[in-house]
Amino acid sequence: MALGSTLDLIPGVRGFKNRYHRWTPVYPAPIEGQYHSAGYLIFDPGIPEATLNAATKEMLDSEPIKGKEWHHGARYFDGWRACPAIKAIALAPRVLRLLRQVYDREPLPFQTLNFPVGTEQRVHSDAIHFNSDPATYMCGVWVALEDIDLDNGALVYYPGSHKLPVVTMEDFAPGPGAAHYPLYEAYIAKYVEDHKLVAERAILKKGQALLWASNLLHGGGTHVDKSRTRFSQVTHYFFEGCSNFTPLESYGGYRHLRKRDWIA
Ligand SMILES: O=C(O)CCC(=O)C(=O)O
């Protein structure tokens with residue numbers, strides 16, 4: 001075992017190193033540039049396998065999942081509140097460091113969703129659910145808790161789509177409110193066609209993560225093999241020094257500002 005790893009076994013050493021390196025870049029500048037230009041990054045968040053497995057177990061034991069028949073919207077919402085491993089993934093030091101590197105602000109995790117199977121959620125941008133002022137200081141980090149491929153619901157995403165104008169309620173709905181969400185989904189399906197966007201799928205090994213920018217169009221790809229699971233966790237982040245609001249509930253001059261419980 002290397003000396004660095006051996007030292008990590010001494011109580012307090014790993015925590016000290018993580019604090020010391022908070023603002024140390026994870027990647028060289030070209031990779032940072034790649035994120036800003038494509039709107040996504042596949043990376044290794046360095047989360048111990050025991051934590052990944054514990055998060056899956058916590059989800060499987062949770063009230064919304066245990067003993068239920070899983071449909072393709074099944075999820076354990078905000079498991080971080082009760083479950084240490086789910087919270088540890090949201091706060092993984094290498095994830096936070098990467099977000100500091102690419103946003104140059106302190107990341108504030110605020111929501112976790114754990115999935116037993118693919119969501120098959122239609123294509124959307126998180127900027128219709130969450131936005132900030134200044135705009136687009138929000139992102140998602142999706143961690144594969146098992147191997148993910150084209151048969152068990154790999155995410156679909158459209159590289160570069162984060163640079164298109166942010167779609168707001170005024171573009172497709174007569175007023176604010178989640179009841180208009182089907183109009184949004186139909187609008188985005190046409191938007192993808194009109195802009196001739198080309199999809200990619202996130203084929204990830206267990207432990208890998210996909211970081212996406214708030215305005216990157218993405219969705220849950222088809223989960224072809226219904227006998228398989230798609231254990232995964234997404235955490236959503238805002239950033240320090242930004243207000244945040246729910247665009248779905250905002251319209252005209254009104255912004256539906258929100259207070260969040262930051263995961264800490
Ligand atoms: O995991 C999925 O299938 C979809 C997740 C997603 O689209 C989101 O968190 O915004």
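## Two sheets, a helix and a ligand shell

S2 and S3 run antiparallel and are joined by two bridges. Within that pair, tyrosine 76 faces asparagine 114 of S3. Before going on, a few ground rules. This is a predicted model: local features need pLDDT of at least 70 and side-chain atom pairs count only at pLDDT 80 or more, while totals for chains, interfaces and linings use all residues. Residue numbers start from 1 along each chain as its sequence is written. The labels S and H stand for strands (E, at least two residues) and helices (H or I, at least four residues), which are DSSP runs numbered from the N terminus. Two strands pair if DSSP finds at least two bridges between them.

**The six-stranded sheet**

S2 and S3 belong to an open sheet of six strands, in the order S1-S8-S5-S10-S3-S2, with antiparallel pairing. What is left without a neighbour at the edges of the sheet? One side of strand S1 (40-43) and one side of strand S2 (76-77), because each of these strands has a single partner. As for what holds such a thing together, strands of a sheet pair through backbone hydrogen bonds, either parallel or antiparallel.

Eight bridges link S3 to S10, again antiparallel. In that pair you can spot threonine 112 across from threonine 235 of S10. S3 is also mostly covered, with seven of its nine residues buried. Buried here means that 20 or more other C-beta atoms lie within 10 Å of the residue's own; exposed means 12 or fewer, partly exposed is in between, and the C-beta atoms are placed from the backbone.

Elsewhere in the sheet, strand S5 (residues 138-144) and strand S8 (residues 209-213) run antiparallel with five bridges between them. Cysteine 139, for instance, sits opposite alanine 213 in S8. Helix H6 (residues 93-103) packs on the sheet and touches S1, S3, S5, S8 and S10. Its direction makes about 130 degrees with that of S3. That angle is taken between N-to-C directions on a scale from 0 to 180 degrees, using lines fitted to C-alpha atoms, for helices over the stretch in contact.

Which residues of H6 are buried? They are Val95, Leu96, Arg97, Leu98, Leu99, Val102 and Tyr103. These buried residues pack against helix H3 (29-38) as well as S1, S3, S5, S8 and S10.

**The core**

The largest nonpolar core has 60 residues, and Val141, Leu210, Leu211 and Tyr237 have the most contacts inside it. A nonpolar core is a set of buried Ala, Val, Leu, Ile, Met, Phe, Trp, Tyr and Cys residues joined through C-beta atoms within 7 Å. Take valine 141: leaving out residues up to four places away in sequence, its contacts are Val95, Ala209, Leu211, Val234, Thr235 and Tyr237. Being in contact means that the C-beta atoms, placed from the backbone, lie within 7 Å.

**The second sheet**

There is also an open sheet of three strands, S7-S6-S9, with antiparallel pairing. Its edge strands, strand S7 (200-201) and S9, each pair on one side only. Strand S6 (residues 155-157) is joined to S7 by two bridges, and tyrosine 157 has glutamate 200 as its bridge partner in S7.

**Around the ligand**

Which residues come nearest to the ligand? Of the 13 around it, they are Thr119, Gln121, Asp126, Gly220 and Val234. Strand S3 (107-115), strand S9 (218-220) and strand S10 (232-239) are the elements that give two or more residues to this shell. S9 gives the most, with three residues. A residue counts as near if its C-beta atom, placed from the backbone, lies within 6 Å. The shell divides into four nonpolar, eight polar and one charged.

**Some backbone oddities**

Most residues other than glycine have a negative phi, and most peptide bonds are trans. Here are some residues with a positive phi.

| Residue | Place | Phi |
|---|---|---|
| Aspartate 104 | just after H6 | about 55 degrees |
| Glutamate 120 | loop between S3 and S4 | about 50 degrees |
| Lysine 196 | loop between helix H7 (181-194) and S7 | about 50 degrees |

Is glutamate 120 partly exposed or buried? Partly exposed, because it has 15 C-beta neighbours inside 10 Å. Lysine 196 counts as exposed, since 6 other C-beta atoms lie within 10 Å. There is a cis peptide bond too, joining aspartate 133 and proline 134, with omega about 0 degrees. Proline 134 lies in the loop between strand S4 (131-133) and S5.

Definitions and conventions: Two residues are in contact if their C-beta atoms, placed from the backbone, lie within 7 Å. Ala, Val, Leu, Ile, Met, Phe, Trp, Tyr, Cys and Pro count as nonpolar, Asp, Glu, Lys and Arg as charged, and the others, Gly among them, as polar.
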